[in-house]
Amino acid sequence: MTLENIWQSTLEEIKTKISKANFTTWLKNSKLVDLKDGSATIALPNNFAKEWVESKYGKTILGIIKNLDSSVKKIDFIVSSNFFQENNKAKIPLINNKAQIEIELSKVDPETNLNPKYTFSSFVVGSSNELAFAAATAITKNIGTKYNPFFVYGGVGLGKTHLIQAIGNEIKNNFSNKVKSKYVTSEKFTNDVVWAMRNKRMDDIKKKYRDVDVLIIDDIQFIGGKEKTEEEFFHTFNALYELNKQIIISSDRPPRLLPTLEERLRSRFEGGLVAEITFPEYEMRLAIIKNKLIELNQSISPEIADLIAQKVRRNIRELEGILKQVILYRESKKIELDKKLVEEFIDRLIKTESINTTPSKIIKNVAEFYSISPESLISQSRKKEYVEPRQVAMYFMKEILGMSYPSIGEKLGNRDHTTIIHGYYKINQEINKNASFNQKIMTIKDLVSKG
Ligand code: ADP
Ligand code: MG
């Protein structure tokens, strides 16, 4: 494997473990620049990124690289901007010479910010996304009039970005430049507004966003709580809405669960069509694998496809990531893979993120760790010794199983989703600020993964 191959494989795997925003922010401009004498050198474009990646992802990266090349014992992170010029435009082949699997970097259309790879035709439809898909296609035929705004929500890696960008691409193809679409992440929108306020260029921003026919905003959950941007977003939203322009929004949760969102904005969102995307069933996972293989111009045996569909249960991004890994693995072994080998390989990839975990196993294991009964864990009692284990169970149901807040609530004694969100954030916060708590969570996670 070349350095580039190793690094691409590593990135593919990291992608399945961290949020897209974090990935883009910290790792998109990274590079493996050297690998010798048991140490791997990774370059990052600035010191801030270096320190962040080193402390937050250092261990994970080492683990992944070790799996690919067992001679690696340590990683050195360096700062270097030299490595990052002109790289962006190229398609980086993942496999030496063959270049069958490619990661397409910035093919994004600068006018619309849309990535042409996200289309309806590459979007597999099943029960987990059929309502959202039906609405999305209807919108392209009734822009601004039928479902406005269109609000789609669901967990990480389930196809929200794909679907909402596909709407934009479809419109772009059908109406060329007559109907203007614009895609932004809510982070980008926030940055624009903050920049404009600082530079007294608010009018530019207003024009930029209000001058479109279809405004697509991804991951709106990040906008809440920033007063000025929310305000500006609301004005933009209203201005567009009143002109019958189409607004499309994605979020990781439904409007009513966006904690800091202003009421008027929330009710506007709810006034349109709200559709959820959930985790796909086995059949659909298999269909996605087959579809992806065609896209990649690759094939694997039905047995292996079945195995991947069985084992990968977190999200579609992970499904794709692992499929690519398996293909690369075969490439490196230069033999047809047998089931057992692949099974071990996937297990290693998924590692502690257990594939056999279920909500009740999580409850059982967490309760066991804290030496309480599973009944107490899900009981209504607010005793201190039950609260932490309960919240930890919430956390794992979200992290490992990717369940929705309402369904976690259901499993944990019919609790309200707001309680679950609170619990989940509480644990997340604690993990970030308290190293020994983090250690504890890792230990429990290990137990949970072993079932
Ligand atoms: P989200 O925005 O919900 O986090 P993405 O839209 O980024 O998820 O999807 C993650 C990956 O899975 C993308 O590569 C996307 O193309 C793929 N994907 C998601 N849903 C589907 C689907 N229904 N059919 C085919 N590919 C999908
Ligand atoms: Mg997304």
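## A tour of salt bridges and a ligand shell

Start by selecting E12, K15 and K324, which are joined in a network of salt bridges. Keep in mind as you click around that this is a predicted model. A search over the whole structure turns up 20 salt bridges, and we'll visit a few of them along the way.

**Colour by domain.** Before zooming in, split the chain into its pieces: domain 1 covers 3-84, domain 2 covers 130-277, domain 3 covers 282-349 and domain 4 covers 359-450. If you drop a centroid on the C-alpha atoms of domain 2 and another on those of domain 3, the two centres sit 34 Å apart. Remember that pair of domains, as both come back at the next stop.

**Select ligand 1 and its shell.** There are 17 residues around ligand 1, and those that come nearest are V124, G157, T161, H162 and E320. Which domains each give at least three residues to this shell? Domain 2 (130-277) and domain 3 (282-349) do.

Now show the polar contacts. At V124, a polar backbone atom is 2.8 Å from a nitrogen atom of ligand 1. Move to G157, where a backbone N or O atom is 2.6 Å from an oxygen atom of the ligand. Then pick G159: one of its polar backbone atoms is 3.0 Å from an oxygen atom of ligand 1. How much of the ligand's own accessible area does the protein cover? On its own ligand 1 has 560 Å² of it, and the protein covers 93%.

Highlight helices α5 (160-175) and α12 (316-333) next, since these are the elements that give two or more residues to the shell. Colour the shell by residue class and you get 6 nonpolar, 7 polar and 4 charged residues.

**Stay on E320.** This residue, one of those that come nearest to ligand 1, also has a salt-bridge partner: its side chain meets that of K292, at 3.6 Å from N to O. E320 belongs to helix α12 and K292 to helix α10 (residues 282-296), so the bridge ties together parts that are 28 residues apart in sequence. Buried or exposed: what is K292? K292 is buried, because its relative accessible area of 12% falls under the 20% cut-off. E320 is partly exposed, at 27%.

**Jump to K245 and D213.** Here is another salt bridge, with the closest N and O atoms of K245 and D213 3.4 Å apart. Why does this pair count as a tie between separate parts of the chain? K245 is in the loop between α8 (227-242) and β9 (246-251), while D213 is in the loop between α7 (202-210) and β8 (214-218), so the bridge links parts that are 32 residues apart in sequence. Switch to a surface view and compare the partners: K245 is buried, at 17% relative accessible area, whereas D213 is partly exposed, at 22%.

**Last stop, helix α9.** Select residues 263-270 and find E263 and R266, which are both in this helix and 3 residues apart, about one turn. Their side chains meet in a salt bridge, at 3.3 Å from N to O. Which partner is buried, and which is exposed? R266 is the buried one, with a relative accessible area of 12%. E263 counts as exposed, because its 53% relative accessibility is over the 50% cut-off.

Conventions:
Residues numbered from 1 in each chain as written. Chains lettered and ligands numbered in written order. Predicted model: local features only at pLDDT ≥ 70, side-chain atom pairs only at ≥ 80, totals over all residues. Heavy atoms only, no water. Near = heavy atom within 4 Å. Polar contact = N/O pair within 3.5 Å; in protein donor to acceptor, adjacent residues only side chain to side chain. Areas by Shrake-Rupley, 256 points an atom, 1.4 Å probe, with all protein chains shown as cover. Helix = DSSP H or I, 4+ residues; strand = E, 2+ residues; numbered from the N terminus. Nonpolar A, V, L, I, M, F, W, Y, C, P; charged D, E, K, R; others polar. Domains from an automatic or database assignment. Salt bridge = Lys/Arg side-chain N within 4 Å of Asp/Glu carboxyl O. Buried < 20%, exposed > 50% of the residue type's maximum accessible area, 1.4 Å probe, protein only.
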